[in-house]
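Please consider the protein below by way of its internal spaces, its strand pairings, its charged contacts and its backbone geometry. The sequence and the structure are shown first.

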Amino acid sequence: MEKNNSLAVLQSPAAYEDQFSEYLNSKGRNDDNSHITRNDFPPNFIFGSATAAYQVPAAQGGRAPSIWDTFALKTPGRIVDGSNGNVATDLYYRFEEDITMMKKMGFDAYRFSISWPRILPGGRCCAGINKEGIDYYNNVINTVIKHGLEPFVTLFHWDLPQALEEEYGGFLSKQVVNDFREYVELCFWEFGDRVKHWITVNEPNTYCINGYAACTFPPSQAISSAYISALAPQSKDSASDQAPPDVELTSTPSYVRSTFNSLLRSSSSTFNNGTNIPPYRGLHHDPKHLLSIFRSSNINNRNLYGSGSNEHDPKNAYTAARNMLLAHSEAVHSYRTKFQGHQGGKICITICCGWFEPLNEHDQDDIAAQKRALDFAFGWFFEPIVTGHYPQNMIDYVPPENLAPFSQSESQRLKGSYDFLGLNYYTGIYATNNPDPQCEDGYLKDQHVKYQRVDEKNDCKLTACEACVDPVRIKYHQDHLANILKAMHEIKLLGGLKKREITDAAETEVEKRLKAVEK
């Protein structure tokens, strides 16, 4: 370990318990967590960093196209600056220096994802195994271990082989379950002697929502009207929903025009008394900056958008999620029956979920909406791997023809299909009851929930150095770490924290604009 006092690890559990008691008696009893260090955490708590296959390593090494390549290269207007993952952050050639940097920063682990089309360009073994891709990941894993870090490997981080998407519709077909099992078994065979922590799927809910409901990710062709409706603010006192007269949007696809107008509306949202939002918080964004984003991008070039019909099917998100859960359970079953006994590793799934609060904490409808929001985001995937069935809120609110139940054998295989659990979280969101959602049928409508993201005003005039002088966020991370420590001792749950990203990563155009509004 580097000689860094703030990251040193205690060797004695007894000494750790004494130090935690000291922490509770000092820092834990007031609001000052500025002195929290690595020493405050137990020796087996893992601090790490994570990256995603398409966003960082580039397309070299015999990797075949994934659905993200198709999305970025054929519809570049939907990606910031029209960029793509052909080079990305060049991790393919620079992984050694990046891993060295992680070690110097004091990380204990590196979580990265294996690109399915880099290993199996045609999606399955019979279409050929790319030895160059296997050699690359062997080199990455060996370098991680050489630097004293522990590899955590994600098997699927959204980059489905384009060949399988074209052949049978990807995760909309149950055929993907067997192809995924074949792919992960190859990974277990090639890398399992050194990899002891496997994640089957990263953020399956994000993949299904953005790929089939909001339609901001592949394999979608166009942003859905349901997503546009979800962006609109609750307040009726907001600004005009029309673009200023000096902005030419008439030639822009209608869904892009709607996104722009909805962002203008949300730029000046106001909130009524009685909500759970602190009075000094609100959605702030300078409309002039929004205009500059649209003027400087390729947003008005109609040729940069997909030409597909993108017909909306309200059950698609649920179908993809169901097949993804079955693929996960098959991967876990295969690992446990064929590999775990002699390799000695663990396997899980990683789910994404922000925390939800009722917009009005005294309104029973908003309290119920908050619970539905958690079930539709987290419970959608967590409940099946624990109990073998969907959350009751989803059973009650989703039309039964769209939410196919699991068979008895599927349910049994899903139950307990995790050795540990990964949870990605980014922010908190307010939820309010929406009795009559004005949007297309499907996932975004079925919840009967309206979401409100709230944050401070973004100052685009700050330089990078000036923006780093940020005591508010520094204190946030200190307090957050202190509460993680507290939670560990109260409920004995947490085992590690991984910060994304160690490197810059590609963002979709919609992600970028939303972050501009939220930050």
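The following paragraphs go through these topics in turn. The structure is a predicted model, and every value given here is computed from it.

The interior is a convenient starting point. Rolling a probe the size of a water molecule over the atoms shows where empty space is left. A search of the whole structure finds 3 cavities of 30 Å³ or more. The second largest cavity has a volume of about 60 Å³. Its lining includes Thr51, Ala52, Ala53, Val56 and Pro57, together with Leu91, Tyr110, Phe112 and Ser113, and is completed by Tyr136, Tyr137 and Val140. Two elements, β2 (109-113) and α5 (131-146), give two or more residues to the lining of this second largest cavity. In chemical terms, the lining of the second largest cavity comprises 10 nonpolar and 2 polar residues, with no charged residues.

The strands offer a second view of the fold. Strand β8 (residues 428-433) pairs with strand β6 (residues 355-358) through 4 bridges, and these two strands run parallel. Within this pairing, proline 358 stands opposite alanine 431 in β8. Strand β8 is also joined by 4 bridges to strand β9 (residues 449-452), here in an antiparallel arrangement. In that second pairing, threonine 432 stands opposite lysine 450 in β9. Strand β8 thus has a parallel partner in β6 and an antiparallel partner in β9. In a regular strand the side chains alternate between the two faces of the sheet.

Charged contacts come next. The structure holds 17 salt bridges. One of them joins glutamate 97 to arginine 94, with the closest N and O atoms 3.2 Å apart. Because glutamate 97 and arginine 94 are 3 residues apart in helix α3 (residues 91-105), about one helical turn separates them. An α-helix has 3.6 residues a turn, so residues three or four places apart point the same way. Glutamate 97 has a relative accessibility of 41% and therefore counts as partly exposed; arginine 94, at 39%, is likewise partly exposed.

What are the surroundings of the salt bridge between aspartate 179 and arginine 124, buried or exposed? The side chains of aspartate 179 and arginine 124 meet at 2.8 Å, N to O. This pair links distant parts of the chain, for aspartate 179 belongs to helix α7 (residues 175-191), whereas arginine 124 lies in the loop between α4 (116-119) and α5, 55 residues apart. Both aspartate 179 and arginine 124 are buried.

A further salt bridge brings together the side chains of aspartate 441 and lysine 445, at 3.1 Å, N to O. Aspartate 441 is partly exposed, with 46% relative accessibility, and lysine 445 is partly exposed at 23%. Elsewhere, salt bridges that share partners join Arg124, Glu167 and Asp179 into one network.

Helix α12 (residues 316-338) has 23 residues. Its span from first C-alpha to last is 32 Å, close to the 33 Å expected at 1.5 Å a residue. Helix α12 is mostly covered, as 18 of its 23 residues are buried.

Some contacts connect positions that are far apart in sequence. Serine 173, in the loop between α6 (162-168) and α7, is 151 residues from methionine 324 in sequence and 9.9 Å from it in space, C-alpha to C-alpha. Serine 173 has a relative accessible area of 13% and so is buried. Leucine 444 is found in helix α17 (residues 443-446). Leucine 444 and isoleucine 209 are 235 residues apart in sequence, yet their C-alpha atoms are 8.4 Å apart in space. Leucine 444 is buried, its relative accessible area being 18%.

Finally, the backbone itself deserves attention. Proline 218 and proline 219 are joined by a cis peptide bond, with omega about 10°. Proline 219 is placed in the loop between α8 (204-213) and α9 (225-231). Cysteine 215 also lies in the loop between α8 and α9. The phi of cysteine 215 is near 60°, a positive value in a residue other than glycine. With 6% relative accessibility, cysteine 215 counts as buried. Tryptophan 158, in the loop between β3 (150-154) and α6, has a positive phi as well, near 85°. Its relative accessible area is 11%, and tryptophan 158 is therefore buried.

Technical notes: Residues are numbered from 1 along each chain as its sequence is written. This is a predicted model: local features need pLDDT of at least 70, side-chain atom pairs count only at pLDDT 80 or more; totals for chains, interfaces and linings use all residues. Side-chain values use heavy atoms; hydrogens and water are left out. On a 1 Å grid over the protein atoms alone, a cavity is a set of points where a 1.4 Å probe fits but cannot get out, and a pocket is an open set with protein on both sides within 12 Å along at least five of seven lines; lining residues have an atom within 4 Å of a point. Grid points are joined across faces, edges and corners, and a volume is the space filled by probe spheres set on the points. Ala, Val, Leu, Ile, Met, Phe, Trp, Tyr, Cys and Pro count as nonpolar, Asp, Glu, Lys and Arg as charged, and the others, Gly among them, as polar. Two strands pair if DSSP finds at least two bridges between them. A salt bridge is a side-chain nitrogen of Lys or Arg within 4 Å of a carboxyl oxygen of Asp or Glu. Buried means under 20% relative accessible area, exposed over 50%, partly exposed in between (1.4 Å probe, protein chains only). The expected span of a helix is 1.5 Å times one less than its number of residues.
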